[in-house]
Amino acid sequence: MTELPQGFRAHVANVGIKDDTDDFVVIAAERPCTAAGVFTKSLFSGASVIVSREHVADRRLQAFVVISKNANVATGAQGMANAREIVASVAAALGAAERDVLIASTGVIGRQYPMDRIRRHLAELTPGPSAKSPFAGTNAQAAARAIMTTDTHPKLAHASVGNASIVGIAKGVGMIEPDMATLITLFLTDAAIDADALDRTFRSVIARTFNAVSVDTDTSTSDTAAIMASGAAGTVDVDDFERALGDVALSLTKMIARDGEGATKLIEVLVDGARDDAQAKRVAKAIVNSPLVKTAVHGADPNWGRVAMAVGKCWNDRDIDQASVVIRFGDQEVFPRQVDDDGLARLSKYMAGDTVRIHVSLGVAAGSFTVYGCDLGDGYVRINADYTT
């Protein structure tokens with residue numbers, strides 16, 4: 001069992017949004033922590049996102065609250081009032097300030113919370129550090145499981161840095177093409193990191209991990225990524241901390257891409273030789289988001305022409321010259337030096353594996369970026385065609 005870092009406790013329960021699974025999580029610190037958060041840029045941001053942006057603005061939090069299976073998006077003034085009521089009730093049970101509680105929600109859009117059920121549960125939460133307190137759990141796996149919606153398994157990763165630990169949990173397998181984070185991912189550490197350094201480090205890590213994943217090109221209304229640092233384990237080297245946090249975030253990023261709705265394979269796309277990292281990312285996203293590339297990977301078809309097509313549609317990048325481009329599947333070059341029939345058969349066998357790496361060198365300069373995605377099969381269609389029914 002993976003334990004939460006020092007200074008954190010969790011409460012996991014079912015509040016009746018779905019009858020058969022846990023759907024309510026509170027992860028709380030013993031006292032206010034330094035914190036950072038990034039959120040969706042969607043114009044249809046949910047009430048939880050709006051409230052949480054306000055609450056993390058001072059880079060201080062004491063608790064995360066997650067309600068899964070209901071997004072509380074497009075629910076108007078009532079949805080906003082409900083989000084603030086839940087935050088106030090949790091804060092009261094913890095003896096914390098309301099502004100120190102972040103709330104995240106994910107699930108079906110356009111439905112109000114079942115507040116009668118939630119209120120009954122919140123009324124049972126009693127404050128206090130005793131073993132009988134509802135805020136006494138330390139099992140990170142239970143929290144990871146409770147935030148799931150259509151995920152097939154909980155997503156949890158951890159690392160050590162000095163005397164401190166970092167634990168991350170995440171959920172999300174669809175509606176994922178973020179420009180900041182992904183559906184919900186929460187990090188906890190007992191390292192002592194000042195607020196400015198934590199915010200800077202967190203944004204840097206998110207930019208190259210969760211900001212580099214795409215399942216289906218659709219940006220969620222509920223994207224929330226946040227971190228709390230309790231400081232209970234003392235100070236650590238900031239560079240070492242960033243490396244460890246990056247390892248945890250990258251592990252979770254790959255789990256999300258591999259568990260994309262209906263997915264059978266992880267796709268990694270590396271673009272290098274670009275004008276800069278931004279161009280490399282732009283081209284890599286064009287490749288990983290192409291339905292034709294995704295379906296080719298799903299069918300283990302080494303059709304490099306689809307990769308060439310995806311590069312070619314980045315028509316604003318006029319410094320890309322097809323005469324300088326090299327395309328590889330795995331380590332095998334397929335353009336401009338093409339493989340024979342035996343080589344194609346070997347490539348097809350490679351692409352039948354659970355991870356397919358596409359490497360494109362642009363021959364422009366030294367920029368590079370790696371993005372993560374998944375194949376596209378009929379499972380994605382079925383899950384989303386029947387999502388609310």
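How many salt bridges does the count come to? In this model, which is a predicted one, the count comes to 19 salt bridges, and I would like to take you through a few of them, one pair at a time.

Let me begin in helix H5, which spans residues 195–208 and holds both Asp199 and Arg203, placed four residues apart, or about one turn of the helix. These two form a salt bridge in which the closest N and O atoms are 3.2 Å apart. As for their surroundings, Asp199 is buried, with a relative accessible area of 11%, whereas Arg203 is partly exposed at 42%.

Staying with helix H5 but moving on to Arg208, we find a salt bridge to Glu242, with 3.3 Å between the closest N and O atoms. Here Arg208 belongs to helix H5 and Glu242 to helix H6, residues 238–258, so the pair ties together parts that are 34 residues apart in sequence. Arg208 itself is partly exposed, its relative accessible area being 36%.

The next pair is Arg282 and Asp317, whose side chains meet in a salt bridge at 2.7 Å, N to O. Because Arg282 sits in helix H7, residues 277–288, while Asp317 sits in the loop between helix H9 (304–312) and strand S10 (326–329), this pair ties together parts that are 35 residues apart in sequence. Arg282 counts as partly exposed, at 38% relative accessibility, and Asp317 counts as buried, at 6%.

Finally, to return to Asp199 and Arg203, salt bridges that share partners join these two with Arg59 and Asp196 into one network.

Definitions and conventions:
Residues are numbered from 1 along each chain as its sequence is written. This is a predicted model: local features need pLDDT of at least 70, side-chain atom pairs count only at pLDDT 80 or more; totals for chains, interfaces and linings use all residues. Side-chain values use heavy atoms; hydrogens and water are left out. A salt bridge is a side-chain nitrogen of Lys or Arg within 4 Å of a carboxyl oxygen of Asp or Glu. Helices (H or I, at least four residues) and strands (E, at least two) are DSSP runs, numbered from the N terminus. Buried means under 20% relative accessible area, exposed over 50%, partly exposed in between (1.4 Å probe, protein chains only).
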